[in-house]
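Here is my note on the model you sent round. Please read it with the structure open.

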Amino acid sequence: MRYFAIVFLFGLAFSTLWAQTTGSLRGQVTDPSGAAITDATVVMTPAAGSPIAVQSNAQGGYEFKSLAAGKYSLTVVAQGFSLYENDNVVIADQPLRLNVAMAIEVERQKIQVSDTAPTVDVNPENNAGAIVISGKELEALPDDPDELLSDLQALAGPSAGPNGGQMYIDGFTAGQLPPKSSIREIRINQNPFSAEYDKLGYGRIEIFTKPGTDKYHGQVYVIGNDSAFNTNTPFGGGPEPGYDTVQFNGNIGGPIGKKASFFFNVERRNINELSRSTPLSSIRL
């Protein structure tokens with residue numbers, strides 16, 4: 001009897017001690033209007049130990065069971081709401097209820113105002129009106145020399161003086177527009193007030209041809225149109241005289257030893273206009 005009495009008293013003391021050292025916490029997470037917030041992350045962090053996290057349910061409720069008595073920090077995180085923190089949550093042997101009202105997060109935009117006024121930069125590289133054409137942009141221009149020249153003059157716009165715009169080919173004027181396949185870069189109105197030019201640069205077109213390369217490259221193409229696609233005159237009198245044009249172009253470039261290179265371009269145009277054939281040829285080395 002004495003043995004059973006000792007066991008009974010020990011079990012009663014243990015159950016009383018367990019009931020006094022554990023507790024629970026439950027509550028609901030809501031927005032400012034009182035509506036439930038689902039899938040909010042609720043974290044209980046003891047003074048010494050690992051944090052415990054649960055998710056709020058469809059009604060915004062959360063619950064922690066069998067928490068050791070002591071002081072905790074409660075943190076609630078929900079998308080679109082400000083972080084909720086409570087560092088003074090005390091768990092005892094009685095169930096505790098704590099509802100959390102989340103505040104809507106306010107987006108903040110930082111604008112920095114400087115009292116330093118922008119300065120005027122006369123560097124040619126910062127000319128806002130300059131147009132530099134190379135690479136894919138150059139490939140998009142027409143292959144026909146007449147159409148190419150017309151497009152470049154339109155991009156250059158009106159020029160200073162009665163003689164119209166100036167076209168510079170590798171720094172020289174009064175030259176013939178080279179085939180597009182031999183052009184490396186085109187600059188329009190790059191530096192209007194440069195002292196190296198004899199008049200203002202508005203309307204000036206600067207063309208730079210391709211140099212040689214360290215590897216051999218080349219291409220050949222033929223473009224044109226046939227008179228069979230021409231329409232008849234709307235005023236009668238039979239068909240108009242035939243008109244057709246064919247353009248042949250080929251180029252090759254590559255190294256000449258270790259310190260030199262070359263680029264060679266050949267072009268020929270056959271223009272049959274009003275039953276008159278006019279071949280045009282150019283060779284550029």
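The points below go from the whole chain to single residues.

1. **Overall make-up.** Keep in mind that this is a predicted model. The protein has 3 helices and 16 strands. It runs to 285 residues, and 28% of them count as buried. About 19,600 Å² is exposed, with carbon and sulfur atoms supplying 56% of that area. Take the contacts between residues at least 6 apart in sequence: 57% of these join residues at least 24 apart.

2. **Strand β1.** Start with β1, residues 22-30. Of its 9 residues, 7 are buried, so the strand is largely enclosed by the rest of the structure. It runs antiparallel to β4, and 6 bridges join the two. T22 has A68 as its bridge partner in β4. Strand β7 (residues 96-97) pairs with β1 in the parallel sense over 2 bridges. There, L25 is bridged to L96. Strand β8 (residues 100-101) also pairs with β1 in the parallel sense, over 2 bridges. V29 has V100 as its partner in β8.

3. **S24 within β1.** S24 sits in strand β1. Is S24 buried or exposed? It is buried: its relative accessible area is 16%, and the cut-off for buried is under 20%. Leaving out residues up to four places away in sequence, S24 touches F64, K65, I91, Q94, P95 and L96.

4. **The antiparallel sheet.** An open sheet of 4 strands has the order β3-β2-β5-β6, with antiparallel pairing. Its edge strands are β3 and β6, each paired on one side only. On average, neighbouring strands are turned by 25° against each other, direction ignored. β5 and β6 are joined by 6 bridges. Within that pair, L74 has N86 as its bridge partner in β6.

5. **The β2-β3 hairpin.** Strand β2 (residues 41-46) pairs with strand β3 (residues 52-55) over 4 bridges, in the antiparallel sense. V43 stands opposite A53. The two strands form a hairpin with 5 residues between them. Look at G49 in the turn: its phi is positive, about 145°.

6. **The largest core.** Which residues have the most contacts inside the largest nonpolar core? They are L25, V29, M44, Y62, L74, V76 and M102, in a core of 18 residues. The elements giving two or more residues to this core are β1, β2, β4 (61-68), β5 (70-77) and β6 (84-91). M102 deserves a look of its own. Setting aside neighbours within four places in sequence, M102 is in contact with V29, T30, D31, P32, I37, V76, A78, F81, S82 and Y84. Another core lies apart from this one. It has 14 residues, among them L152, I183, I186 and I205.

7. **The aromatic pair.** The structure holds 1 aromatic pair. Y62 and F64 form it, edge-to-face, at 6.0 Å centre to centre and with 65° between the planes. Both residues are buried. Y62 also appears in the list of core residues with the most contacts, and F64 is among the residues that S24 touches.

8. **The mixed sheet.** A further open sheet has 4 strands in the order β9-β11-β12-β10, with mixed pairing. Which strands stand at its edges? They are β9 (131-133) and β10; each has a single partner strand, so one side of each is left without a neighbour in the sheet. Neighbouring strands here are turned by 15° against each other on average, direction ignored. β9 pairs with β11 in the antiparallel sense over 3 bridges. I133 stands opposite I186 in β11. Helix α3 (residues 145-156) packs on this sheet and touches β9, β10, β11 and β12 (205-209). The helix direction makes about 30° with that of β11.

9. **G175 in a loop.** G175 is found in the loop between β10 (167-169) and β11 (183-188). It is partly exposed, with a relative accessible area of 37%. Not counting residues up to four places away in sequence, G175 touches M167 and I169.

Technical notes: Residues numbered from 1 in each chain as written. Predicted model: local features only at pLDDT ≥ 70, side-chain atom pairs only at ≥ 80, totals over all residues. Heavy atoms only, no water. Buried < 20%, exposed > 50% of the residue type's maximum accessible area, 1.4 Å probe, protein only. Contact = heavy atoms within 4.5 Å. Areas by Shrake-Rupley, 256 points an atom, 1.4 Å probe, with all protein chains shown as cover. Pairing = 2+ DSSP bridges. Core = buried A, V, L, I, M, F, W, Y, C linked by side-chain atoms within 4.5 Å. Phe/Tyr/Trp six-rings, centres within 6.5 Å; stacked < 30°, edge-to-face > 60°. Axes fitted to C-alpha atoms, helices over the stretch in contact; angles between N-to-C directions.
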